[in-house]
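Reader: I would like to go through this model with you and ask, for each label, what it rests on. Could we begin with the strands and then turn to the chains as wholes?

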Amino acid sequence: MTEPPSPRAILEAQAVSYETGSQRLLSDVSLELLPGEVLAIVGPNGAGKTTLLRLLAGILRPTCGAVVLDGRPLGAYRPEELALRRAVMPQQSLLRFGFTAREVVAMGRYPHQRARQSDRLTDERVIARAMAETETHELADRLFPTLSGGEQGRVTLARVLAQDTPVLLLDEPTASLDIRHQHGMLALAQKLARRGAAIAVILHDLNLAAAYADRIALLCAGQLADLGPPRAVLRESLLTEVFRCPIAVRCHPLSDCPLILPIAERAAAPDSASPG
Amino acid sequence: MLSRAFPARRAPATGGRLVTPALLFPGLVALLGLAILLNLGLGAMEIRPAQAIAIIADRLGIPLSTDFTPQQASVLWAIRLPRVALAALVGAALALSGATLQGVFRNPLADPGLIGVSSGAALGAVATILVGLAPFGLATLPIAAFLGGLLATLAVYGLARQDGRTDVVTLILTGIACNAVLGAATGYLTFLATDAQLRAIVFWSLGSIGGATWDTTLRALPLIAVGLLAAPRWSAALNLLVLGEEEATSLGVPTERVRLSLIALAALMTGAAVAVAGIIGFVGLVVPHIVRLVSGPDHRRLLPASALAGASLLLMADLAARTLAAPAELPIGVVTAFAGGPFFLWLLRRARQERAIPG
């Protein structure tokens with residue numbers, strides 16, 4: 001299979017490292033995020049996935065290296081300019097005030113209202129579409145703090161969509177979702193990418209990454225272990241080494257994507273159960 | 001659009017609000033008007049609402065047909081009106097400061113007292129009374145109170161902040177610790193004070209607007225007006241700030257600038273209020289909570305509504321302070337704390353029940 005000609009990267013990490021105190025959380029990671037793709041960031045706990053995402057978002061500044069958005073380093077943007085170009089979905093929301101779900105989604109329009117680049121009608125339309133796409137319109141009048149974790153996640157995604165930016169950075173959006181909504185959310189991400197969005201998403205479930213990502217960045221101990229299409233990155237030997245757990249990779253019987261199977265390490269069977 | 005992936009599911013639409021927000025501002029303005037007329041009219045000398053209006057109109061050169069006595073005119077003009085104006089200003093300042101700080105600290109229980117601005121302002125004022133120097137004339141006390149309040153708030157904010165985050169419990173505990181230190185310093189100064197200074201200090205710590213004159217009112221007006229006009233300009237940013245600092249930043253809010261500006265404005269308003277009226281507790285904490293039940297948490301409604309409600313509430317508290325034990329006068333801080341304390345307890349219980357909702 002030949003690679004399609006790659007379009008120009010919209011967001012690019014150039015040999016970024018990040019240190020805090022004496023700890024090196026990320027070292028020398030380079031990757032490009034292209035318009036039209038879903039890039040999954042995977043790796044074991046503490047591999048530096050969230051740190052990488054926050055560097056890409058401009059929430060953290062790299063200790064070395066640079067992150068470049070549309071040809072300009074992130075540091076050269078003002079926060080309000082950045083908010084028009086990239087949206088960030090956090091791992092969990094800390095909101096404790098009783099805003100309704102719809103009011104939370106409407107907050108995504110703030111950067112456009114501030115830049116006077118939107119009118120009421122556009123705002124209404126974008127908000128309605130974001131809520132329809134995440135099936136959150138039924139939650140519109142509910143108070144955000146009273147929603148379940150999964151419902152809060154979908155409302156937060158709707159807020160991120162309402163920001164209407166070419167780059168979306170999602171930190172474990174599927175974390176507290178049931179299996180149907182996990183697939184719904186990633187199918188939506190894929191659809192947005194086909195419309196031209198550039199999406200980086202942290203995932204814990206390798207099978208979700210295999211099914212929906214165009215490329216996978218595998219992080220291990222703060223370094224990029226591999227980067228490429230799912231088929232190339234999701235190799236038995238590499239996954240077993242990175243996750244330090246025996247993993248088998250098969251072909252999914254019903255679709256054409258890799259199927260990742262952790263191999264359970266059973267304790268030795270008691271004598272009575274063993275034959276002979 | 002993703003109807004296959006997200007099939008429709010009926011969810012109960014409970015809505016969030018107690019009353020429709022459409023009635024909020026007309027209701028608050030009517031309440032304020034009523035509170036002003038009651039305060040102008042009741043007291044040792046009765047002045048009917050029509051007479052009050054006629055007296056004010058007469059001063060402005062518009063003669064009305066309603067009769068009033070010269071005594072009524074001078075009582076209204078020299079005593080009741082400045083007192084009403086001061087009570088309204090102080091109430092609006094305290095309530096708006098509370099609503100603003102609760103948003104800035106993402107904590108519904110923050111108030112100017114909890115984060116040290118009141119005790120800092122009191123220390124500044126007591127120190128001024130004791131030192132007896134007045135480099136800025138009559139404005140020295142408000143300036144000292146303002147600076148004390150600002151420094152104390154910044155100290156609490158700085159000490160409670162860790163790794164760019166302000167933890168709710170840490171903040172409240174830091175506030176308690178700083179209040180204790182500032183209170184001890186004020187206590188030490190009180191110990192050193194002469195009898196005359198002591199009387200001035202006691203007036204302070206109980207809180208009163210009984211000493212209101214046009215002079216004190218006009219001294220507090222510019223400082224409080226700056227806050228009343230400037231703070232609501234940040235309300236859209238404040239809405240995002242309660243999502244969390246990182247989320248606000250990624251939505252384009254210059255978080256540090258917004259935070260520091262709003263803290264400075266709250267310290268300015270509270271400092272000015274404390275300077276002219278002493279410490280009046282619970283208004284800043286309680287009023288935004290009552291208003292939020294009706295307005296919801298959107299700061300674009302909450303901030304102006306809190307200012308209006310705070311003005312009304314302090315007017316009613318002042319009315320109670322000067323009529324309940326007439327002819328004696330209760331300190332207004334005693335009245336607001338008596339009413340506010342039980343409400344605060346109810347608030348704590350309610351917050352605990354809300355957190356028990358299964359996530």
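Author: This is a predicted model, and in chain A four strands form an open, antiparallel sheet in the order β2-β1-β4-β5.

Reader: What makes β2 and β5 of chain A edge strands?

Author: β2 (23–33) and β5 of chain A each have a single partner strand, so one side of each is left without a neighbour in the sheet, and they stand at its edges.

Reader: What packs on this sheet, and which strands does it touch?

Author: Helix α1 (residues 49–57) of chain A packs there, touching β1, β2 and β4 of chain A, and its direction makes about 120° with that of β1(A).

Reader: How do you know that β1 and β4 of chain A are paired?

Author: Pairing requires at least two bridges between the strands, and five bridges join strand β1 (residues 11–20) of chain A to strand β4 (residues 64–69) of chain A. The two are therefore counted as a pair, and they run antiparallel. One residue to look at is E12(A), whose bridge partner in β4(A) is V68(A).

Reader: What makes β4(A) and strand β5 (residues 72–73) of chain A a pair?

Author: Two bridges join these antiparallel strands, and at least two are required, so the condition is met. In β5(A), P73(A) stands opposite V68(A), while R72(A) stands opposite L69(A). The hairpin of β4(A) and β5(A) has two residues between the strands, and in it D70(A) takes a positive phi near 50°.

Reader: Why is the radius of gyration of chain A said to agree with that of a compact globule?

Author: For 276 residues a compact globule would have a radius of gyration near 19 Å, and chain A has 20 Å, which is why the two are said to agree. Taken along the principal axes, the box that the C-alpha atoms of chain A fill is roughly 80 × 45 × 45 Å.

Reader: What does it take to be called buried, and how much of each chain qualifies?

Author: A residue is buried if 20 or more other C-beta atoms lie within 10 Å of its own. By that count, 48% of the 276 residues of chain A are buried, and for the 359 residues of chain B the figure is 49%.

Reader: Which secondary structure elements does each chain hold, and how many of its contacts are far apart in sequence?

Author: Chain A has ten helices and twelve strands, and 65% of its contacts between residues at least 6 apart in sequence join residues at least 24 apart. Chain B has 14 helices and two strands, and of its contacts with a separation of 6 or more, 78% are between residues 24 or more positions apart.

Terms used
Residues are numbered from 1 along each chain as its sequence is written. Chains are lettered from A and ligands numbered from 1 in the order in which they are written. This is a predicted model: local features need pLDDT of at least 70, side-chain atom pairs count only at pLDDT 80 or more; totals for chains, interfaces and linings use all residues. A residue is buried if 20 or more other C-beta atoms lie within 10 Å of its own, exposed if 12 or fewer, and partly exposed in between; C-beta atoms are placed from the backbone. Two residues are in contact if their C-beta atoms, placed from the backbone, lie within 7 Å. The radius of gyration is taken over C-alpha atoms; the globule rule is 2.2 Å times the number of residues to the power 0.38. Axes are lines fitted to C-alpha atoms, for helices over the stretch in contact, and angles run from 0 to 180 degrees between N-to-C directions.
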